[in-house]
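Subject: Structure for your review

Dear colleague,

Please find the structure below, handed over for your records and for any further work you may wish to do with it. My findings follow it.

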Amino acid sequence: SSYANLEGSRGNYCCVSFSGCLVPCSKALCCCIAPVCCSTKPDSWPMRTRASAIQSLATFHLQNPGCCGALLGWYTYWHDMGYDFNPGDGRQMFYNRRDQFGPNFSTLGKAVVGEAAEVEKALLRPMNRGPYLGATNMRASKLPMAADGSGRNIFLLNVASGGAPDDDGFHAAYRAQLNAYIFNDAQRKRSLATDPVMKTLLARVATAYQKAKAVGTPEAIDAFSEDAIPDFTLDALHWMTLGIDLRNVNDPAVARTRSTLKSAFYSPQASGASGVTYWLWGGEVTAFLFKYLPFLKKVLTAKVKPSVAMAWNSVGNTGDDLQEAAFDKAAAVYESSPALAAYAPDVSNPKSPSKTDFVRGLIPMFAIAGLQGPLVMCRIISDSTYAGEAGSWHPYNGGIPPGFQLPLQDREKLRLVLLEAMRLYPAVNGTAYKLPERTAFPYADGTTLSFPKDCPVSLSYVLANTDPKAWGPDPLKFDPYGHAEKLWGPKAIFFGFNSVGDRGDRICPGRSLALELGIDFLQAINGGKPSLPTGAGKAKRSSSGRSTPRGSS
């Protein structure tokens, strides 16, 4: 049912609450029981009807956050996670919902926007943020705070920007320090495939890939994906960004540092094997229930597969003391890194973070994005390349079609191939923010629905990057050269890296680094000769990939 006409109904709030909640709840109860004895395929009537009922509840809750309180929102969030979230392929839930309700709908406690035009408008506007990231909700009480006791949130991904109502200037100040100390000329030089450290790391991962390919079994490629790629991204990204050389694993000091960083970002506890249920099953509400009903924690934790969670769940969200200790050890490594040896806040800007706060903010940013996006990207493109000979059997496969001829010695074309693979299989499914003011969207049943200020919204890259209105009548076709203008350049509308092409106030500062690393990785594992980005060593490039610096925001 539609709730488009509920605006202005505050005078009949109790009636609205009753009619808006009771009917969908009754439908949802019946439809949750029906699949026990009926088909559970997404297009079967019990599943579609149940999804419709939950859609109604979720939308009503988002439009009327005071109605039914946290319980209603928690129930719909739990339902969508438990029934729809697919750890093997995070795209499928979004595709199913789009087939049922269109590109904009409600799920996972958020208004999901998947229409390309609406996603573009949102990414180019000022953004309020909160404890939301993509499909997940974080525990606000676990976000990193400033060391001065001010209670100021210093997690860059959760602070407002661009002059949004909640923007206090910290986002711009932190970005300025990132550009000064991390994404600078020294980083760009270390990132080149001809750099001695990168040369060694690329050779190692190429050798591991060729050995796995020679064995020729799914198990061998799985082992490469689960072991060699994380080793490569851990070592390469810490060298590129912080100048930490982890090559010599036979050196006890290097081995200890490497173990510290791997425990923080790529260990089983980092991937949510322990404590993931704190966020997965409803955040603060579940934490409250677990406190007074501890047996629930054991039951639910036993049912949740570790693969459901990624390292970005563990930004202290899980309440896992072991993980927080691992982050503290990683922070000590970062503070003593070559890139931050001379770190100093900008004395002309009172919002500029101290070294301690800079690192405290950097750790979760690397855990959620910096060390996760490139990891998933490398897994997707390596398994896709192998699938050209072995078939599409690996769960990460889906980027580059079997038999596609890689232009290994043409970096510009290879970049298009990489972007097209990421368009069809994003390393990150989307991003989330809070509405800075009451906003209307074209919604699930063809109406235009209005949502209040601070309503959480998830911008779906999965859907926007496959919107026929933006990408043509066959948006799932792999066509890097046909989509060239939309993937790269001034007319680009590729949705990823928190931007539209290279536009957007919150564009990922590591965008250029990640793309060039992906190109080098593809060349290395496929036997191509290493090449350099256009203008490397000649023209200064900003972290976004523009030919001039972006500045601080």
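The notes that follow concern the nonpolar cores, the aromatic pairs and the charges placed over rings. Please bear in mind that this is a predicted model.

Nonpolar cores

The largest nonpolar core holds 115 residues, and the members that touch the most others in it are Phe265, Tyr334 and Leu362. Helix 9, which covers residues 218–242, supplies the largest share of this core with 12 residues. A second core, separate from this one, consists of 10 residues, among them Ala51, Met93, Val112 and Leu463.

The surroundings of tyrosine 334 can be listed in detail. Apart from neighbours within four places in sequence, tyrosine 334 is in contact with His238, Leu242, Leu261, Phe265, Leu340, Val359, Leu362, Ile363, Phe366 and Leu371. Phe265 and Leu362 thus appear both among these contacts and beside Tyr334 among the residues that touch the most other core members.

Aromatic pairs

The model contains 13 aromatic pairs. In one of them, the ring centres of phenylalanine 170 and tyrosine 174 are 5.6 Å apart and the planes meet at 55 degrees, so the pair is classed as tilted. Both residues belong to helix 6 (residues 170–181), where they are four residues apart, about one turn of the helix. Phenylalanine 170 has a relative accessibility of 0% and counts as buried; tyrosine 174, also at 0%, is buried as well.

Another pair joins phenylalanine 404 and phenylalanine 478: with centres 5.1 Å apart and planes at 80 degrees, it is edge-to-face. Phenylalanine 404 is located in the loop between helix 16 (373–390) and helix 17 (411–424), and phenylalanine 478 in the loop between helix 19 (468–471) and helix 20 (484–487), so the pair ties together parts that are 74 residues apart in sequence. As to exposure, phenylalanine 404 is partly exposed, at a relative accessible area of 25%, whereas phenylalanine 478 counts as buried at 14% relative accessibility.

Ring pairs also form a cluster, which links Phe170, Tyr174, Tyr181, Tyr343 and Phe358. The tilted pair described above, phenylalanine 170 with tyrosine 174, therefore has both of its residues in this cluster.

Charges over rings

Two arginine residues deserve mention here. Arginine 190 lies over the face of tryptophan 239, at 6.0 Å from the ring centre. For arginine 415, which lies over the face of tryptophan 488, the distance to the ring centre is 4.6 Å.

With kind regards

Notes:
Residues numbered from 1 in each chain as written. Predicted model: local features only at pLDDT ≥ 70, side-chain atom pairs only at ≥ 80, totals over all residues. Heavy atoms only, no water. Core = buried A, V, L, I, M, F, W, Y, C linked by side-chain atoms within 4.5 Å. Buried < 20%, exposed > 50% of the residue type's maximum accessible area, 1.4 Å probe, protein only. Helix = DSSP H or I, 4+ residues; strand = E, 2+ residues; numbered from the N terminus. Contact = heavy atoms within 4.5 Å. Phe/Tyr/Trp six-rings, centres within 6.5 Å; stacked < 30°, edge-to-face > 60°. Lys NZ or Arg CZ within 6 Å of the ring centre and 35° of its normal.
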